[in-house]
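Hello,

Here is the structure I said I would pass on. Please open it next to this email and follow along, since the notes below go through it part by part.

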Amino acid sequence: PLTDAALADLARAWVGGPVDGRSLHRLLGLAAGRPAVLHELVEGGRAAGSLVHDGLIHRLDGEPPLSAALDAQVAETISGLTAGQRVALEFAVVSTGLDLDVAIELVEADTVAGEDVEALERLGLLVPAGDELVVTDPLVAEVVRRQLGSMARRHLNRELALAAARVGPDARTPTARRRRVTWAHRGGLDPDPAALHDAAGD
């Protein structure tokens with residue numbers, strides 16, 4: 001994998017000039033060190049008209065489009081997943097960082113199967129990062145997220161929020177506390193007042 005600095009140089013060379021910082025961050029995050037992925041994102045953005053030049057700088061207008069080649073790449077990666085493994089992956093994607101205590105609660109409530117989570121770890125699709133499980137490849141996470149309909153995303157967020165409420169208020173970091181509030185909001189639930197207070201104070 002290339003460094004972000006090297007990828008940023010490639011992005012500027014491919015678009016023919018400077019790139020807005022937020023847009024560059026988004027592109028580099030999805031590319032995750034892979035110049036071939038970055039090239040597909042840049043070319044896809046130019047072809048779709050979402051990577052625009054405003055006279056001074058290039059920037060993304062909305063989400064970067066994912067080419068057929070990138071979709072196929074991810075499809076090949078996740079094609080062998082069972083239905084249960086796919087659900088576990090969707091929870092990790094929607095959570096944007098699945099607290100281990102919430103993951104354990106989802107397993108204990110039979111919302112997901114522990115063996116499915118373990119299988120995703122063995123496949124290299126999930127990896128522990130501190131007190132969280134995260135999706136290893138940002139591109140996989142992005143494709144899976146875009147494939148989810150609004151009802152599916154709402155359901156997943158609701159289940160995450162309910163599991164977090166059963167676990168209790170022991171979210172270990174400010175990011176985790178804000179995430180729990182987000183799950184409740186996106187799941188159509190009223191966030192716990194104590195969680196809102198804690199998140200607002202962070």
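**Helix 3**

The face of helix 3 turned away from its buried side carries two exposed residues, Ala36 and Ala47. Before going further, please keep in mind that this is a predicted model.

Helix 3 covers residues 35-48, which makes 14 residues. How far apart should its ends be, at 1.5 Å a residue? The expected span is 20 Å, and the end C-alpha atoms are 20 Å apart, so the two values agree.

The buried residues of helix 3 are Val37, Leu38, Leu41, Val42, Gly44 and Gly45. They cover an arc of only 165° around the axis, so they sit on the same side of helix 3. What lies over these buried residues includes helix 1 (4-15), helix 2 (21-31), strand 1 (51-53), helix 4 (68-78) and helix 8 (138-147). After helix 3 comes Gly49, which has a positive phi, near 80°.

**Helix 9**

Helix 9 (150-167) can be checked in the same way. With 18 residues at 1.5 Å each, helix 9 should span 26 Å, and its end C-alpha atoms are 26 Å apart, so this helix also agrees with the expected value.

Which residues of helix 9 are buried? They are Leu156, Asn157, Glu159, Leu160, Ala161, Ala163 and Ala164. The elements covering them include helix 5, strand 3, helix 6 (100-108) and helix 10 (174-186). Gly168 follows helix 9, and its phi is positive too, near 105°.

Just ahead of helix 9, Leu148 belongs to the loop between helix 8 and helix 9. Is Leu148 buried or exposed? Its relative accessible area is 6%, and buried means under 20%, so Leu148 counts as buried. Leaving out residues up to four places away in sequence, Leu148 touches Glu90, Val94, Arg153 and Leu156. Leu156 is also one of the buried residues of helix 9. To give a sense of distance, Leu148 and Ala48 are 100 residues apart along the chain, and their C-alpha atoms are separated by 22 Å.

**Asp99, Glu132 and Ala176**

These three residues are worth viewing together. Asp99 is part of strand 3 (residues 98-99), while Glu132 is in strand 5 (residues 132-135). Ala176 is found in helix 10.

Asp99 has a relative accessibility of 5%, so it is buried. Glu132 has a relative accessible area of 17%, and the limit for buried is under 20%, so Glu132 is buried as well. For Ala176 the value is 4%, so Ala176 is buried too.

What does Asp99 touch, not counting residues up to four places away in sequence? Its contacts are Asp131, Glu132, Ala176, Arg179, Arg180 and Trp183. With the same residues left out, Glu132 touches Gly97, Leu98, Asp99, Leu100, Val127 and Arg179. Arg179 therefore appears in the list for Asp99 and in the list for Glu132. As for Ala176, its C-alpha atom is separated by 23 Å from that of Gly124, and the two residues are 52 apart along the chain.

**The cavity**

How many cavities of 30 Å³ or more does the structure hold? It holds one. The largest cavity has a volume of about 40 Å³. Its lining is made by Ala88, Phe91, Leu98, Leu106, Val112, Val117, Leu120 and Leu126. Helix 5 (83-95) and helix 7 (114-122) are the elements that give two or more residues to this lining. By class, the lining of the largest cavity has eight nonpolar residues, no polar ones and no charged ones.

**The pocket**

The largest pocket has a volume of about 460 Å³. It is lined by 20 residues, and those nearest its centre are Val93, Thr96, Ala141, Glu142 and Arg145. The elements that give two or more residues to the lining are helix 2, helix 5, strand 5, helix 8 and helix 9. Which classes of residue make up the lining of the largest pocket? There are nine nonpolar, five polar and six charged residues.

Regards

Note on methods:
Residues numbered from 1 in each chain as written. Predicted model: local features only at pLDDT ≥ 70, side-chain atom pairs only at ≥ 80, totals over all residues. Heavy atoms only, no water. Helix = DSSP H or I, 4+ residues; strand = E, 2+ residues; numbered from the N terminus. Buried < 20%, exposed > 50% of the residue type's maximum accessible area, 1.4 Å probe, protein only. Contact = heavy atoms within 4.5 Å. 1 Å grid on protein atoms, 1.4 Å probe; cavity = no way out; pocket = protein on both sides within 12 Å on 5 of 7 lines; lining within 4 Å. Points joined across faces, edges and corners; volume = space filled by probe spheres on them. Nonpolar A, V, L, I, M, F, W, Y, C, P; charged D, E, K, R; others polar. Expected span 1.5 Å × (residues − 1). Arc of directions from axis to C-beta.
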